[in-house]
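User: I'd like to learn how to read a model like this one feature at a time. Could you walk me through it, giving the general idea and then the case at hand?

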Amino acid sequence: MISRIWHGYTTLENADVYEALLRNEIFIGIRDRKISGFQEIQLFRRDLEDEAEFITIMWFDSVEAIKVFAGNDYEAAVVPPKARAVLSRFDDRSQHYEVRERVKNG
């Protein structure tokens with residue numbers, strides 16, 4: 001299992017707009033691609049003093065599945081134009097980690 005982690009930042013004024021875009025368009029579009037080996041996406045938000053930080057963590061079975069999502073340069077960020085319009089800054093490259101352990105309750 002590989003996790004793909006990415007950070008993006010908006011102004012506080014754009015934070016709700018960006019979150020709605022993620023939930024109502026971008027995540028649905030990713031799911032609807034039905035990428036074999038894509039497991040899930042998680043969204044984290046933290047409002048700071050003058051901006052909002054967003055982290056997405058995507059779970060894939062393999063690097064090959066990530067390449068289906070992102071292309072051969074699989075570390076490159078995938079940021080649609082609508083998202084770029086409301087983000088003030090973001091990671092140009094995503095970080096990838098081999099998941100070594102997952103412990104669930106129950």
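User: Let's begin with strand pairing. In which sense do β1 and β5 pair, and over how many bridges?

Analyst: Keep in mind that this is a predicted model. β1 and β5 pair in the antiparallel sense, with four bridges between them. For a concrete pair to look at, take isoleucine 2, whose bridge partner in β5 is glutamate 98.

User: And how many bridges join β1 to β4?

Analyst: Three bridges, and again the two strands run antiparallel. Here you can look at tyrosine 9, which has arginine 89 in β4 as its bridge partner.

User: What about β1 and β3, over how many bridges do they pair?

Analyst: Nine bridges, antiparallel. Histidine 7 is a handy marker, as it stands opposite isoleucine 55 in β3. β3 also pairs with β2 (residues 38–47), antiparallel and through nine bridges. A hairpin of four residues connects β2 to β3, and glutamate 40 faces tryptophan 59 of β3 across that pairing.

User: How should I read the side chains along a strand like β1? Which residues point which way?

Analyst: The general idea is that in a regular strand the side chains alternate between the two faces of the sheet. In β1, Ile2, Arg4, Trp6, Gly8 and Thr10 point one way, while Ser3, Ile5, His7 and Tyr9 point the other way.

User: Is β1 as a whole enclosed or open, and why?

Analyst: Nine of its nine residues are buried, so β1 is largely enclosed by the rest of the structure. Buried here means under 20% relative accessible area.

User: On to the nonpolar core. Which residues touch the most other members?

Analyst: The largest nonpolar core has 24 residues, and Tyr18, Ile26, Ile30, Phe60, Phe69 and Ala83 touch the most other members. The elements giving two or more residues to this core are β1, α1, β3, α2 (63–70) and α3 (81–86). The largest share, seven residues, is from α1.

User: Take tyrosine 18 from that list. What is tyrosine 18 in contact with, leaving aside neighbours within four places in sequence?

Analyst: With that exclusion, tyrosine 18 is in contact with Trp6, Thr10, Phe54, Ala83, Val86 and Leu87.

User: Now pockets. What is the general idea, and what volume does the largest pocket have?

Analyst: Rolling a probe the size of a water molecule over the atoms shows where empty space is left. In this model the largest pocket comes to about 260 Å³. Its lining has 20 residues, with Ile26, Ile30, Phe69, Val78 and Pro80 nearest the centre. Notice that Ile26, Ile30 and Phe69 also appear among the core residues that touch the most other members.

User: Which elements supply the lining, and how do its residues divide by character?

Analyst: β1 (2–10), α1 (12–32) and β3 (52–60) each give at least two residues. The largest share is from α1, with seven. By character, the lining splits into 14 nonpolar, three polar and three charged residues.

User: Let's try backbone angles. What is the phi of lysine 34?

Analyst: Most residues other than glycine have a negative phi, and most peptide bonds are trans. Lysine 34 has a phi near 50°, a positive value in a residue other than glycine. It sits in the loop between α1 and β2. Lysine 34 counts as exposed because its relative accessible area is 68%, and exposed means over 50%.

User: Is serine 36 buried or exposed?

Analyst: Serine 36 is exposed, at 67% relative accessible area. It too belongs to the loop between α1 and β2.

User: And where does glutamine 39 fall on that scale?

Analyst: Glutamine 39, in strand β2, has 44% relative accessibility, so it counts as partly exposed. Beyond its neighbours within four places in sequence, glutamine 39 contacts Met1, Trp59 and Asp61.

User: Last one: how far apart in space are aspartate 91 and tyrosine 9?

Analyst: Their C-alpha atoms are 9.1 Å apart, with their positions 82 residues apart in sequence. Aspartate 91 lies in the loop between β4 (87–90) and β5 (95–98). Setting aside neighbours within four places in sequence, aspartate 91 contacts Trp6, His7 and Ala77.

Terms used: Residues numbered from 1 in each chain as written. Predicted model: local features only at pLDDT ≥ 70, side-chain atom pairs only at ≥ 80, totals over all residues. Heavy atoms only, no water. 1 Å grid on protein atoms, 1.4 Å probe; cavity = no way out; pocket = protein on both sides within 12 Å on 5 of 7 lines; lining within 4 Å. Points joined across faces, edges and corners; volume = space filled by probe spheres on them. Nonpolar A, V, L, I, M, F, W, Y, C, P; charged D, E, K, R; others polar. Core = buried A, V, L, I, M, F, W, Y, C linked by side-chain atoms within 4.5 Å. Buried < 20%, exposed > 50% of the residue type's maximum accessible area, 1.4 Å probe, protein only. Contact = heavy atoms within 4.5 Å. Pairing = 2+ DSSP bridges.
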